[in-house]
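Work through the exercises below with the sequence and the model side by side, and try each task before reading its solution.

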Amino acid sequence: MNNLSDKRSSGQKPNQLAITPLFPDLEPEVRRKVRLYKRIEHPIWTENKAHFIQQYLRYFVQVTKHGAYIDGFAGPQSYEHLDAWSAALVLESKPKWLRHFFLCEITRKGLKALENLVASQQEIRDKKGRKISRKIKIFPGDFNVKVDEILQPTNISQKEAAFCLLDQRTFECHWSTLQKLANYKTAPNNKIELLYFLGVGWLHRSLSGIRNVDKALKWWGQSNWRGLAKMKSASIAELVRQRFQDELGYNSVAAYPIFDRNEGNKIMYYMIHGSDHEEAPALMVRAHHNAVRARPPVQEYLNFPTNP
Ligand SMILES: C[S@@+](CC[C@H](N)C(=O)[O-])C[C@H]1O[C@@H](n2cnc3c(N)ncnc32)[C@H](O)[C@@H]1O
């Protein structure tokens, strides 16, 4: 069991506390390059996160040339901003080499939006004009249950590159669901890549208000979840990052802070990315760079406050 202690290093500058090493296992030379991009001067904003995911998957398919996309919590976060909806951006992303989509959602409203999205997809053809088939399946219900239906050889083969977005609000994604996703592929195949959202911006409030102990237990997967309330957000993110490596067995795991300007530039989420693919860390760095490149000048964003 993890020791839930706050391992904050006293040598860090205040505005660096929120950033954990992105790719700690890389060779020092590669890590130096990677670190150029993880600086706090280049934040990802909440409204920008879907573009970041889209950008990453665009690079991902350029390496794999094929792939499956699982979105466990696929309904739109904001019905007013459907242009920042991950499922829609991934479906429209080019080249259209992702061929299999598994979209899960629990609410009726979210399902309706997904049905409309799927119905609006146009036929795609290759350079020779031949029709390319894409399979898009919607799974109504709780992803923690539906994951068993999705993880079947008839849906995703061992050889198919697969990516799973877990954009939960707080406690919706069970740890056992992460284990199922991580264990689905067997060596030497790469595990399903995970992009997991850890909602630290409201986590302490949610933990203190929790009535349903079972909910927290299923989310954290260990009985020591109460200890999180005493930890800083950055330390919790580092702990989850470490658990992705040690318990789920991912070769490289990175934690990206995502900021919200409306909340005073506070860190709202950490995106935890777990991958076995040797090129994944470099692709993430490129995606991150591109996703933030179009943002207004850097000076505006200096001196971020750290989370509680
Ligand atoms: C944060 S939103 C997802 C945002 C989306 N990725 C976007 O880019 O806009 C979470 C979604 O998951 C749905 N949801 C919540 N609990 C769920 C569960 N157990 N299984 C499946 N979907 C769930 C919510 O209804 C909501 O539509």
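The exercises that follow concern a predicted model, and they take up confidence, a helix and the ligand shell in turn.

**Exercise 1.** Determine which stretches of the protein chain have a pLDDT under 50.

*Solution.* Begin with the chain as a whole, where the mean pLDDT is 84 and 81% of the residues reach 70 or more. Then go to residues 5-27, over which pLDDT stays under 50, although the model has 41 contacts beyond four places in sequence for them. Add residues 29-41, where the pLDDT is also below 50 and the model has 20 contacts beyond near neighbours in sequence. Where pLDDT is low, the predicted coordinates should not be read in detail.

**Exercise 2.** Identify the buried residues of helix α6, establish how they are arranged about its axis, and find what covers them.

*Solution.* Within α6, which spans residues 175-184, the buried residues are Thr177, Leu178 and Leu181. Viewed down the axis of α6, these buried residues fall within an arc of 100°, so they line one face of the helix. The elements covering them include α5, β7 (162-166) and β8 (193-198).

**Exercise 3.** Describe the residues around the ligand by proximity, by class and by the elements that supply them.

*Solution.* Of the 18 residues around the ligand, those that come nearest are Phe73, Gly75, Gln77, Ser86 and Asp167. Sorted by class, the shell has seven nonpolar, six polar and five charged residues. Finally, turn to the secondary structure: β3 (100-105) and α5 (143-150) each supply at least two residues of this shell, and α5 is also among the elements that cover the buried residues of α6.

Terms used: Residues numbered from 1 in each chain as written. Predicted model: local features only at pLDDT ≥ 70, side-chain atom pairs only at ≥ 80, totals over all residues. Near = placed C-beta within 6 Å. Helix = DSSP H or I, 4+ residues; strand = E, 2+ residues; numbered from the N terminus. Nonpolar A, V, L, I, M, F, W, Y, C, P; charged D, E, K, R; others polar. pLDDT = per-residue confidence, 0-100. Contact = placed C-beta atoms within 7 Å. Buried ≥ 20, exposed ≤ 12 C-beta atoms within 10 Å, placed from the backbone. Arc of directions from axis to C-beta.
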